[in-house]
Each structure stands twice: as C-alpha cells, then as structure tokens.
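The exercises that follow ask you to work through a structure step by step. Try each task with the sequence and the model in view before you read the solution.

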2 protein chains.
Amino acid sequence: MLGAAAAFTRPAKSLAPLPRRATAAPATVTMAGGKPLKVGIVGATGAVGAELIGVLEKRGFPCGDAGPTLFGSAGGKTVSTAKWGDLTTEAFSVAATAGFDVVFLAASGTFAEEHAFDIAAGLAKGGVVVDNSSALRYKDGVPLVVPEVNGDQCAGASVIANPNCTTAIALMALFPLFAAFGLRRVIMSTYQAASGAGAAGMAELREGVKVAAGDEDYVDKMGRFGEKTPVYDAFAHPLAFNVIPHIDVFQANGYTKEEMKVTWETRKILGFDPFPSDADDYSDGGPPRVSCTAVRIPTLRAHSEAITIETVKPCTPEQARAVLEGFPGLKVADDTANNVYPMPLTSTGSYDVEVGRIRRNDVFGDNGLDLFVCGDQLLRGAALNAVLIAEKACA
Amino acid sequence: MLGAAAAFTRPAKSLAPLPRRATAAPATVTMAGGKPLKVGIVGATGAVGAELIGVLEKRGFPCGDAGPTLFGSAGGKTVSTAKWGDLTTEAFSVAATAGFDVVFLAASGTFAEEHAFDIAAGLAKGGVVVDNSSALRYKDGVPLVVPEVNGDQCAGASVIANPNCTTAIALMALFPLFAAFGLRRVIMSTYQAASGAGAAGMAELREGVKVAAGDEDYVDKMGRFGEKTPVYDAFAHPLAFNVIPHIDVFQANGYTKEEMKVTWETRKILGFDPFPSDADDYSDGGPPRVSCTAVRIPTLRAHSEAITIETVKPCTPEQARAVLEGFPGLKVADDTANNVYPMPLTSTGSYDVEVGRIRRNDVFGDNGLDLFVCGDQLLRGAALNAVLIAEKACA
C-alpha cells in the first residue's frame with residue numbers, strides 16, 4: 001500500500017484550492033503614466049531573485065520589452081523568463097544602475113549597507129531601492145513596509161526595507177486585529193521552512209530526506225536515528241526529520257536575532273520605535289509586547305506560525321474573523337469541519353497569506369485569541385512584498 | 001556535494017551525546033521481594049507495544065524467565081526479543097490475565113473502557129493495570145501519573161492512566177517550575193511527530209518524503225507542490241514537507257481534543273480538577289491557565305514544544321535552570337554557544353526529556369519564561385512512563 005510507486009493526483013475534497021479573492025493589488029499593474037520603468041535586480045540568480053522575476057512577470061510590472069536588468073555576483077549567467085526570453089546577468093556596479101527607476105536588492109546586509117544609498121542617489125527622479133536584507137530595516141528614515149499595512153510610507157522614500165519573512169507573514173493577520181481591537185501581547189512560535197536559507201537550504205533538505213528515508217542506517221523503521229547523517233551545511237544540524245530551534249545568531253538575552261527581528265519589526269511596522277525601552281508606555285495604544293520562538297522544521301518554502309494574542313478591547317473569534325475576512329492579501333482558511341486550515345501544502349505559491357484556527361484563548365479570557373498563519377516565505381516573505389512596495393512607491 | 005551517496009557519520013562536535021545523568025529510576029529495578037511478576041501487554045505488536053517490551057528488557061523489570069505475556073488482536077504472531085527470545089502473541093481475554101501482577105494496555109479507549117476494570121478485578125493482590133489510552137484519564141479514582149511528578153498516587157491504585165504524550169513530556173519541565181515558582185499561565189505550541197499515529201503514521205511519512213523528494217512532479221526544486229501527492233491515510237492531509245495544525249478531533253470551542261488534553265491533564269497531574277470551571281480560583285496557588293496549539297510536522301518520533309509561562313513568583317532564567325538541572329528524567333540541553341538545544345535528533349531514543357532555550361519572556365516581564373522541550377513520544381510519551389508507573393505501583 002505504501003510502495004515507492006504508489007501515488008495519486010491530489011484528491012478534490014481535501015486539496016482543491018479554496019475560493020480565492022483578488023490579491024492585494026490588481027494583477028495587472030497600472031503605473032503612473034503607463035510608461036515602462038527601468039528595473040534592476042541585484043542577486044537575480046538566488047531563490048528570492050528568481051521569485052522577483054516571476055512576480056514582475058505575473059503582475060505585469062512595466063519593465064519594458066527587454067525586461068529587468070539582472071545583476072549577479074559575476075556576469076554572464078543566463079536566466080530564462082517566460083515573458084522576456086533569456087536574460088543575461090551583468091556584473092554589478094553602482095554606475096550601471098544610474099537612471100534606473102527601481103532596483104531590488106536580494107543580496108547581503110553588507111552589500112546593502114555599502115551600496116543602497118549610492119544606488120538611490122543615482123536613480124531617476126522618484127526612483128526607489130527596495131532592500132531585502134535586514135541591514136537597513138531599523139534605520140531612521142528608511143521605511144519598513146508591508147504595503148497593505150503601512151504602504152503610505154512609500155511616498156517620497158528612495159530606500160525602502162522589505163521586512164523579515166516571518167514578520168511580514170504575521171503582520172498580514174496581526175495588523176487588521178491591531179487596527180480593530182488593539183494589541184497588548186503577542187506570543188508567537190514559528191514553523192519555518194528551509195527556503196529561509198535560500199536555494200541551498202531547500203536542496204539540502206530535499207537531498208537529506210531522500211537519503212535518510214531510503215536507508216535504515218540513517219533512520220530505522222521505528223524512527224530512531226542511526227550512525228549515518230545526511231550532509232549538512234546550510235543549517236547548524238541536519239534538518240531531515242529534525243527540528244532546529246535556532247535561526248540566525250544568538251543574542252545576549254538568549255533569543256536569536258530572527259526572534260528579535262519579529263519583535264523589532266512588528267513594532268516599527270505598527271508605528272512604534274523598533275527597540276523596546278524603559279520609555280515604552282504600555283497603556284492602551286502603546287506598543288504590543290511581542291515574543292517569538294523561531295524554529296526551523298523540515299518543510300520547503302512556506303512558513304507557519306502559531307500566534308496567541310491579547311487584545312486591548314475584548315474580541316470574540318467571530319469579530320476577529322469578520323475583520324480578517326475583509327483584509328486584502330489575506331485568506332481566511334478556517335473551516336475545521338472540512339479539515340481546512342492554513343498549511344504549507346495550500347499556501348505555497350499563493351500570493352495570499354492564510355489564517356485559520358481562530359479561537360478564543362482562555363489564558364487571556366475575553367481578550368485572548370489564537371491564530372494559525374501560513375504564508376509563502378519567498379512571496380509574501382520576500383519577492384511579492386518587494387514588488388508591491390515598488391508598485392506603491394512608483395504609483 | 002549533495003549527491004545521493006554523500007554522507008558521513010555524525011560529527012563529534014555538534015552531535016556527540018551530552019553528559020547523561022541516570023534516568024528517573026535505577027536501570028535495574030529492585031521490586032518488593034525480588035520475585036518475578038506476571039506481566040501482560042495488550043497491543044504488543046503496535047509501536048507502543050514494541051517499546052514497552054524494549055523498556056521492560058532494558059530496565060530489568062522482573063518479568064520472569066519466560067518474559068511478559070503478549071496479547072494481540074489475533075494470537076499467533078511472533079515477536080522477537082533480546083532477553084526472552086521469540087514470544088508468541090495470544091488472543092486476549094479477561095480470563096487470560098487472571099492472577100497477573102501488571103497488565104499494560106496499549107489498545108484503544110473503547111477497549112480500556114470495556115475491559116480495564118474487569119482485568120483489574122482479577123489481578124493478583126496489589127496488581128495494577130496501566131492504560132495508555134485517553135478513555136480513563138479524567139475518571140475520579142483513576143490516578144493520572146507522571147511518576148517523577150505524582151508517583152505517590154500509584155500506591156493502592158489498581159487502574160492507573162498513562163498521560164497524553166505531549167502532556168507527559170511538557171510536565172517533566174513544567175512541574176519543577178510549578179513546585180518552585182508556581183504557574184499562572186502556560187501557552188504551548190507543539191511540533192508533534194508522526195509516531196503519534198503509530199507505526200502506520202511513521203511508515204506513511206517515511207514513504208511520503210522518499211517519493212516526494214525523488215520526483216519533481218510531487219515537489220519541484222523551488223519547493224512548490226506539484227500535481228502528484230503521496231498516498232496518505234494516517235493523517236488528514238499528506239504530511240511530507242507539510243504542517244498539519246490538526247491532531248485528534250475538533251471540539252465545539254475550536255480547539256482539538258489533543259489541545260484540550262494538554263489543558264485537562266496538566267491540571268489533573270498538578271492536583272487540580274481536570275476541567276476548567278467558574279469555580280476555579282486563579283489566585284496564587286490555583287490552577288494554571290493552560291492553552292495549546294497542537295501541530296503535526298514531518299518528523300518521526302520525538303515531540304518538540306515551545307512553551308511560554310508566567311510564574312506566580314518572579315523567576316530568572318538562572319533560577320529556572322538551577323531548578324530544572326536537579327530534576328530526575330530531565331536533561332538541560334541549553335548551551336547555545338555550542339549549538340546545543342533540545343532536538344528530535346538528540347532526544348529520540350533517550351529516556352530523558354530535553355529542556356533548553358531557557359530565557360526571560362518579556363511579554364510577562366520578571367515572571368515570564370520561555371522554554372523549548374523535546375522528548376521521545378514513544379518513551380516518556382508512552383512506554384517508559386508506563387513502565388515507571390508499574391515500578392512505582394509494585395514497589
């Protein structure tokens with residue numbers, strides 16, 4: 001029954017796509033004047049770069065007939081696209097981006113610190129750099145944007161930071177609740193996919209589970225690990241059949257940087273100073289207290305998040321659902337009678353973030369709510385959010 | 001670099017076993033009088049049954065030269081053991097257990113409701129039935145026991161319930177903190193392995209990932225799911241590369257039964273009425289408020305749990321660590337500088353539950369603490385805990 005060849009196509013009942021609403025912005029973008037923009041992508045051959053090209057294509061972003069200009073660490077690589085044919089990467093220089101309208105950075109934090117403002121200085125009037133690294137996210141004067149939440153901050157900015165993937169996915173569900181009921185406390189545990197470590201992370205997991213599942217010297221029928229261990233390099237330990245509560249580097253307070261990013265970025269995107277301090281006023285209308293446990297699990301590219309919140313005003317699950325239903329870019333997947341809830345299987349590849357398992361949390365009584373959220377790490381967590389930022393900035 | 005044959009044995013630095021303390025009870029059990037006991041296992045051919053035999057062997061439980069009597073749904077199956085050679089299962093009847101000293105039930109809740117008390121009535125004087133199902137856990141007069149926590153309740157009981165796996169693993173870390181600082185709130189998110197659905201669940205996951213990782217029609221290089229889906233039956237959806245926030249059946253309040261078990265059983269094991277009610281006094285010394293989000297992930301047999309607590313008395317991470325270090329059956333794995341934290345890779349097959357990532361949770365200030373816990377679902381979550389109960393009951 002479980003032979004290697006046994007398989008069938010996806011059953012209609014449990015896995016048919018749920019009815020979908022339009023995503024955040026129209027599928028075909030109408031930009032100011034309708035004229036083509038000069039678009040560059042730095043880091044075009046990585047996992048995020050590939051998704052950026054795909055999102056620009058699918059949303060009809062006006063890149064001109066020749067498509068975006070791709071910059072790689074070395075030039076001369078060919079990238080195939082559906083819309084613009086084969087594109088060839090160029091070696092990056094600041095000078096090569098002069099006069100561009102939009103430059104997406106899918107490179108390192110060091111790269112962004114070194115080049116983002118120089119690139120911005122040479123852009124066409126009204127042009128924008130959208131940076132996917134964490135280096136500029138907490139700088140004054142650099143908006144940190146989830147377009148559906150604080151897209152108004154794009155106006156006039158020449159460098160905009162794209163948030164941490166976990167934070168961007170969470171905010172899609174947290175912001176409408178914050179706006180309607182206020183947020184006093186947010187406690188999050190994450191289930192993060194290998195794609196957070198890029199294409200190399202996905203390849204390592206894929207190969208690791210294939211090797212481990214096929215040989216009892218790695219893991220036996222009773223699930224015990226053996227003497228052999230899959231090759232690993234992208235993560236601190238082998239990820240196949242494992243759980244690693246460690247993403248990014250540990251801080252002095254015992255949290256990882258990934259966990260603190262969730263705190264810092266949630267605060268900044270909701271309009272508060274990113275860093276908690278003694279000056280914080282936690283009375284109604286103040287910043288939420290946020291904590292996160294960030295955990296890598298053996299999935300490929302959608303992050304899941306279990307979130308418990310305490311709201312300022314009382315909030316029933318029904319009230320929460322009504323607020324979440326109306327929010328663009330978010331899909332309520334919460335029909336437990338039919339086994340519908342957010343999952344990587346249904347949210348991977350989707351522009352919408354899924355939210356479900358909406359229920360009262362008795363620990364916080366009438367102000368307590370539990371949510372489960374799932375979103376594509378490379379789309380809302382990176383490429384889609386970046387393109388939506390560019391659309392807002394160039395509108 | 002990531003070829004199918006590429007592999008090496010476990011690197012000494014990151015994966016060498018940590019220094020281990022003795023587990024909860026001595027490795028060789030000394031029972032009253034030292035004479036052999038008549039031991040029966042109902043459901044001996046399942047995943048829990050197999051582990052029960054292994055734990056009885058390894059701990060030198062006095063089963064006599066012929067070993068335990070194995071009962072299966074049908075008789076006549078052969079089970080190989082290291083200590084007692086090949087054992088043959090018998091068809092179960094209550095009469096066949098007459099005069100036994102210990103009968104372990106690794107069967108269904110329906111089976112336990114139908115037979116547990118009848119079996120108990122026919123046991124030798126001082127004999128005990130240890131039931132692994134959830135059916136009897138909330139009954140008055142049936143102790144629900146984690147031996148290191150409330151093992152004193154074994155004395156004189158003829159039917160004892162073995163807790164839910166998630167709860168038993170969590171309690172190993174929560175109880176010492178409860179005893180030292182009191183618990184006001186517990187918020188838990190779980191990362192549960194396929195073994196919770198037995199041997200069939202493990203086989204389904206193992207086969208599913210092997211098939212899916214080896215064929216891009218299931219999941220492509222960019223981590224997108226394709227048209228083909230692995231066979232599934234043990235879970236509500238395919239588990240390979242997926243996350244399923246759904247374990248056991250949904251309740252009217254939006255929680256699953258698995259999630260509510262964590263609330264009910266934590267309360268009962270800590271000495272309170274299992275079911276929350278308006279009569280609860282949440283002042284100091286009252287029951288903790290407990291909530292859980294229970295999530296199935298693609299791992300094989302160790303459960304992980306991210307736990308946030310609010311204590312009654314203020315508690316620093318250092319104070320918590322000192323209390324946890326001394327608790328039998330628990331291992332503090334919390335050396336983040338050397339990438340040491342609880343993981344399935346290190347806790348699978350271990351009698352000890354691992355606890356780590358111990359840090360202050362700012363959401364609850366001086367009374368807030370975060371923990372990450374990992375334990376073997378079939379050992380502390382089932383077979384080991386059951387055998388430890390029998391040792392206490394027959395001591």
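Two strands are taken to pair if DSSP finds at least two bridges between them. The structure used throughout is a predicted model.

**Exercise 1.** Determine which residues stand opposite B:Glu310 on the strands that pair with S13(B).

*Solution.* Begin with strand S10 (residues 183–191) of chain B, which is joined to S13(B) by eight bridges and runs antiparallel to S13(B). In this pairing, B:Arg185 stands opposite B:Glu310. Continue with strand S16 (residues 368–376) of chain B, which is likewise antiparallel to S13(B) and is joined to it by nine bridges. Here the bridge partner of B:Glu310 is B:Gly368.

**Exercise 2.** Decide whether strand S13 (residues 302–311) of chain B is enclosed, and sort its residues by the way they point.

*Solution.* Counting a residue as buried if 20 or more other C-beta atoms lie within 10 Å of its own, one finds that ten of the ten residues of S13(B) are buried, so the strand is largely enclosed by the rest of the structure. Sorting by direction then places B:Ala302, B:Ser304, B:Ala306, B:Thr308 and B:Glu310 one way, and B:His303, B:Glu305, B:Ile307, B:Ile309 and B:Thr311 the other way, with all of them buried.

**Exercise 3.** Is A:Ala82 buried or exposed?

*Solution.* Locate A:Ala82 in the loop between strand S4 (78–81) and strand S5 (85–88) of chain A. Because it has 9 C-beta neighbours inside 10 Å, A:Ala82 counts as exposed. Its C-alpha atom is separated by 7.8 Å from that of A:Glu57, a residue 25 positions away along the chain.

**Exercise 4.** Identify the residues with the most contacts inside the largest nonpolar core, and follow one of them outward.

*Solution.* In soluble globular proteins, nonpolar side chains tend to be buried together. The largest nonpolar core of this model has 249 residues, and those with the most contacts inside it are A:Leu52, A:Ala173, B:Leu52 and B:Ala173. Taking A:Leu52, and leaving aside its neighbours within four places in sequence, one finds contacts with A:Ile41, A:Phe104, A:Ala106, A:Ala383, A:Ala386 and A:Val387.

**Exercise 5.** Describe how domain 1 of chain A meets domain 2 of chain A.

*Solution.* The domain assignment gives domain 1 as 20–163 + 383–394 and domain 2 as 168–199 + 229–377 in chain A. Their centres, taken over C-alpha atoms, are separated by 25 Å. Across the boundary, 17 residues of domain 1 are in contact with 19 residues of domain 2. On the side of domain 1, the elements that give two or more residues are helix H4 (147–150) and helix H10 (379–394) of chain A, and H4(A) gives the most, with three residues. By class, this side of domain 1 comprises eight nonpolar, five polar and four charged residues.

**Exercise 6.** Which relation links chain B to chain A, and which residues make up their contact?

*Solution.* Superposition lays chain B on chain A with an RMSD of 0.0 Å, by a turn of 180° and a shift of 0.0 Å along the axis. That is the relation of a two-fold axis. In chain B, the C-alpha nearest this axis is that of B:Lys210, at 2.5 Å. The same surface serves both copies, since 100% of the contact residues of chain B recur in chain A. The contact takes 76 residues from chain B and 77 residues from chain A. Helix H6 (residues 198–213) of chain B gives the most to the side of chain B, with nine residues, and that side divides into 39 nonpolar, 22 polar and 15 charged residues.

Technical notes: Residues numbered from 1 in each chain as written. Chains lettered and ligands numbered in written order. Predicted model: local features only at pLDDT ≥ 70, side-chain atom pairs only at ≥ 80, totals over all residues. Contact = placed C-beta atoms within 7 Å. Helix = DSSP H or I, 4+ residues; strand = E, 2+ residues; numbered from the N terminus. Nonpolar A, V, L, I, M, F, W, Y, C, P; charged D, E, K, R; others polar. Least-squares fit on C-alpha atoms with pLDDT ≥ 70 in both. Domains from an automatic or database assignment. Buried ≥ 20, exposed ≤ 12 C-beta atoms within 10 Å, placed from the backbone. Core = buried A, V, L, I, M, F, W, Y, C linked by C-beta atoms within 7 Å.
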